[in-house]
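Subject: Structure for you to look at

Hello,

Here is the structure I said I would pass on. Please open it beside this email and follow along as you read.

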Amino acid sequence: MNDRILNIPNILTLARIVITPFIVFAIMEGEAAFALVLMGIAGITDMLDGAIARHFNQRSIVGAFMDPLADKLMLLSTIVTLFFINEIPLFLFLAVVFRDLVIMVGAIAYEVVTGKLEMQPTMSSKITTVLQITLVLTVLADMAWQLPAELFYQAVIWTTFAFTCISGVQYMVVWMRKAVTDEDAA
């Protein structure tokens, strides 16, 4: 890993953080089409930052922490906003919030106890992130143009819910295993 803070992947991640309040503002103002465009741009920066970091060997410790935090900020902000304007069901909102609390509390507790937190997203977590981005894009498209079809819309909601729950449970298991393993090693 390289220690260079200002590289292209980190700048793209920072752009995602900066764009997030504008997405939320556009949603609150009823500008779903504009929010959709901004969310699409944010989603593209999410895909590009990791690809560029891997391909050009520009991975950094800062990026390893900043990228998942940018995702959390963007997705939690938009999903909470969409819930409060009655565009996302309560069960999905609760699943997203609970999962992210599990991840954050587990990471903080692990860091406090061991002092050696490493950010390593699981495959189910990566899938969940893609699904949550798809969810937000789908809800915004529905708000803007009454697209897509109801069957697709429901499939996105339920698939996102399922993977959010699976990922949350997986993180609970991962944090417990890490805690037990590190406790045994001490």
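Which helix gives the most residues to the lining of the largest cavity? The answer is H3, with 3 residues. Before going further, please keep in mind that this is a predicted model.

The cavity

The count comes to 1 cavity of 30 Å³ or more, and the volume of the largest cavity is about 30 Å³. Its lining is made up of Asp71, Lys72, Leu75, Arg99, Asp100, Thr129 and Gln132. Helix H3 (61–84), helix H4 (90–114) and helix H5 (123–145) are the elements that give two or more residues to this lining. Sorted by kind, the lining residues are 4 charged, 2 polar and 1 nonpolar.

The nonpolar cores

The largest nonpolar core holds 28 residues. Those that touch the most other members are Ile23, Met39, Leu82, Ile88, Leu135, Val136 and Leu140. At least two residues of this core come from each of helix H1 (8–28), helix H2 (32–55), H3, H4, H5 and helix H6 (150–185).

Leu82 is a good residue to click on. What does Leu82 contact, leaving aside its neighbours within four places in sequence? The list is Ile27, Glu87, Ile88, Val136, Val139, Leu140 and Met143. Ile88, Val136 and Leu140 from that list are also named among the core residues that touch the most other members.

There is also a second, separate core, which has 6 residues. Val102, Ala107, Tyr110 and Tyr171 are among them.

The salt bridges

Side chains of opposite charge can pair when their charged atoms come close. In this model the count comes to 6 salt bridges. Three that involve Arg16 are described here, one at a time.

Asp46 pairs with Arg16, and their closest N and O atoms are 3.3 Å apart. This bridge links distant parts of the chain, with Asp46 in helix H2 and Arg16 in helix H1, 30 residues apart.

Asp49 forms a salt bridge with Arg16 as well, at 3.1 Å from N to O. Here too distant parts of the chain are linked, since Asp49 lies in helix H2 and Arg16 in helix H1, 33 residues apart.

Arg16 also meets Asp67 in a salt bridge, at 2.5 Å from N to O. Asp67 is in helix H3 and Arg16 is in helix H1, and the two are 51 residues apart.

Which residues are joined into one network by salt bridges that share partners? They are Arg16, Asp46, Asp49, Asp67 and Asp71. Asp71 has already come up, as one of the residues that line the largest cavity.

Are the members of these three pairs buried or exposed? Buried means under 20% relative accessible area. Arg16 has 0% relative accessibility, so it counts as buried. Asp49, with a relative accessible area of 4%, is buried, and Asp46 is buried at 13%. Asp67 has 21% relative accessibility, so it counts as partly exposed.

A place to start is Arg16, and then its partners Asp46, Asp49 and Asp67.

Regards

Key:
Residues numbered from 1 in each chain as written. Predicted model: local features only at pLDDT ≥ 70, side-chain atom pairs only at ≥ 80, totals over all residues. Heavy atoms only, no water. 1 Å grid on protein atoms, 1.4 Å probe; cavity = no way out; pocket = protein on both sides within 12 Å on 5 of 7 lines; lining within 4 Å. Points joined across faces, edges and corners; volume = space filled by probe spheres on them. Helix = DSSP H or I, 4+ residues; strand = E, 2+ residues; numbered from the N terminus. Nonpolar A, V, L, I, M, F, W, Y, C, P; charged D, E, K, R; others polar. Core = buried A, V, L, I, M, F, W, Y, C linked by side-chain atoms within 4.5 Å. Buried < 20%, exposed > 50% of the residue type's maximum accessible area, 1.4 Å probe, protein only. Contact = heavy atoms within 4.5 Å. Salt bridge = Lys/Arg side-chain N within 4 Å of Asp/Glu carboxyl O.
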